[in-house]
Amino acid sequence: MIRLASVTILIAAAVMAVAAPAQAERRLALVIGQSAYPESLLATAANDAGLIAEALRAAGFEVTGLADADQTTLRQALRDFAASAVAAGPESTSFVYVAARGLQFDGETYLAPVDARIRRDTDIPVEGVRASDFIRSISGAPARARFMVLDAARANPFPREGAAIAGGLALTEAEPGTLIAFNAAPGTVAPPESGPYGVYALALAEALREGGLSADALFQRVRLRVVEQTKGAQAPWHVSAIAADFTLLDRAAGAPAPAPAAAPGGAAEAFALAVQRDTIEAYQGFIAAWPSDPLARKARAMLAARREALTWRKTISVNSPESYWSYLRRYPKGPHAADARRRLTRLQAQLEPPPGFDAIAYDVPPPPREEYVLIEDRPVVVFEEFEAPPRVFLRDERDWAPPPPPPAAAGPGLLPLPIPIPLPMRSRLPAAVPPPPPVGLIGPRPIAPPAPASVTPNVGPGRPSAAPQPLTPSPGAAPPRSGIQPLTPPPGARPGFAPPP
């Protein structure tokens, strides 16, 4: 009887599994643009966020937009989105894009709210929002893929009191199923931009429209486009642990294949390949083959920044007096020298290494002298100092042209309204993705510095105490006003889907 009952239960469970409909993929996106910093406005951040929000909505994402958030609002938005990503289930995809000011401190990346009051190095963990906390909170949830894109590697405008801090963002590792991307390589910053859009956001919006690309290939195209457009002054970075067969958009039947990376023969072609791979071995191979080419100095700077970032990452993972003495032996005037001494003080260890201490083993060899001088006495590497002649690395402009400047945002906290971005006919969404619902909105806490014409910051006094609006509207409530214009589908197409050829 017991065996018969067990068989009956198994059959019933199988019938229920067959009858239950397959869970549809949910695509959730959080897009944040932080422009209204009192110390120094980010002229393109809000526009960039609006541009990416519209590109993600066209790709089937339920987008929540947020502009000029203070610390409380920013933390709450990240917390609520992480909870939504966890609840979305194993067939979901989450995408986070933040255009803001980022800071590196103590081996971690922090995002600066618009109300951050950073006067010295020790203010960063108090006033900033640590990005790794949010990344960990969404990385533990079952999902098809997770994207964390930080368009935040910029020059530090805050007063520099106390010990020096390294520039740019901190190199990190991606958990399985996660991709982490920076607008500039770890330890480097992007050059200033005046607008209306940043070069990284434009390249990302372009790549998001391309069907049939794996997650890794998509961000390789972004890097090639940015390096091309900036003449090497900015080199984005990403690390991916997403399965190679995952694509954000499928390629329509009969559509032309995407144009591969292309360049004139010789050094330019070899450098484009090294940039696409973005590894120490790739840059070393290019330098060995083309040591006298003007691009070799650029490659040495990129190699120097990556080697130092990997060295510091291993140093803090060991986290012992020996590890920090080992770093200071390699980089006595390196970008993280002050960080190493700060940690030695915390460990109550002497700053100078004792004779004969056991140095730790690094995964990369020490830098040669000609490479070390590129980062000596520099808290940050700025690639624009090593400008190379313009070369064409990527050419595929059949369907893409930068949109015109957006009009001003409709109100405080709203992203600027970008021009709708249609999907090209060669790309289409996976069949399981339903049309996205209206975009959500989080209420900001306003700040009122002067702004250029391309940016509409929040208005009002310094730090009001109004509570933020929820990420999603309550049932039955009227949809919130949005700074992201809904996509107008072409004739005969469902919203979010490309028209048939």
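**Strand β7 and what surrounds it**

Colleague: How many of the seven residues of strand β7 are buried?
Modeller: This is a predicted model, and here buried means under 20% relative accessible area. Ala145, Phe147, Val149 and Asp151 point one way from β7, with Arg146, Met148 and Leu150 pointing the other way. β7 (residues 145-151) is largely enclosed by the rest of the structure, because the buried count is seven of the seven.

Colleague: Which residue is the bridge partner of Phe95 in β7?
Modeller: Start with the strands: β3 (residues 93-99) and β7 run parallel, joined by seven bridges. Within that pairing, Phe95 is matched with Phe147.

Colleague: And in β8, what is the bridge partner of Leu150?
Modeller: β7 also pairs with strand β8 (residues 178-182), again in the parallel sense, over five bridges. There, the partner of Leu150 is Phe182.

Colleague: Which helix gives the most to the largest nonpolar core?
Modeller: That core has 88 residues, and Phe147 is among the five that touch the most other members, along with Phe95, Tyr97, Leu204 and Phe219. The top contributor, with nine residues, spans 199-208: helix α6.

Colleague: How far apart are the end C-alpha atoms of helix α10?
Modeller: α10 (residues 294-318) has 25 residues, so at 1.5 Å a residue it should span 36 Å. The model agrees with that, with the ends apart by 38 Å.

Colleague: Which residue has a side-chain oxygen reaching the backbone nitrogen of Leu295?
Modeller: Look at the start of α10, where that oxygen comes to within 2.8 Å of the nitrogen. After α10 comes Asn319, with a positive phi near 55°, but the residue you want at the start is Asp293.

Terms used. Residues are numbered from 1 along each chain as its sequence is written. This is a predicted model: local features need pLDDT of at least 70, side-chain atom pairs count only at pLDDT 80 or more; totals for chains, interfaces and linings use all residues. Side-chain values use heavy atoms; hydrogens and water are left out. A nonpolar core is a set of buried Ala, Val, Leu, Ile, Met, Phe, Trp, Tyr and Cys residues joined through side-chain atoms within 4.5 Å. Buried means under 20% relative accessible area, exposed over 50%, partly exposed in between (1.4 Å probe, protein chains only). Helices (H or I, at least four residues) and strands (E, at least two) are DSSP runs, numbered from the N terminus. The expected span of a helix is 1.5 Å times one less than its number of residues. A polar contact is a pair of N or O atoms within 3.5 Å; within protein, one must be able to donate a hydrogen and the other to accept it, and residues adjacent in sequence count only if both atoms are side-chain atoms. Two strands pair if DSSP finds at least two bridges between them.
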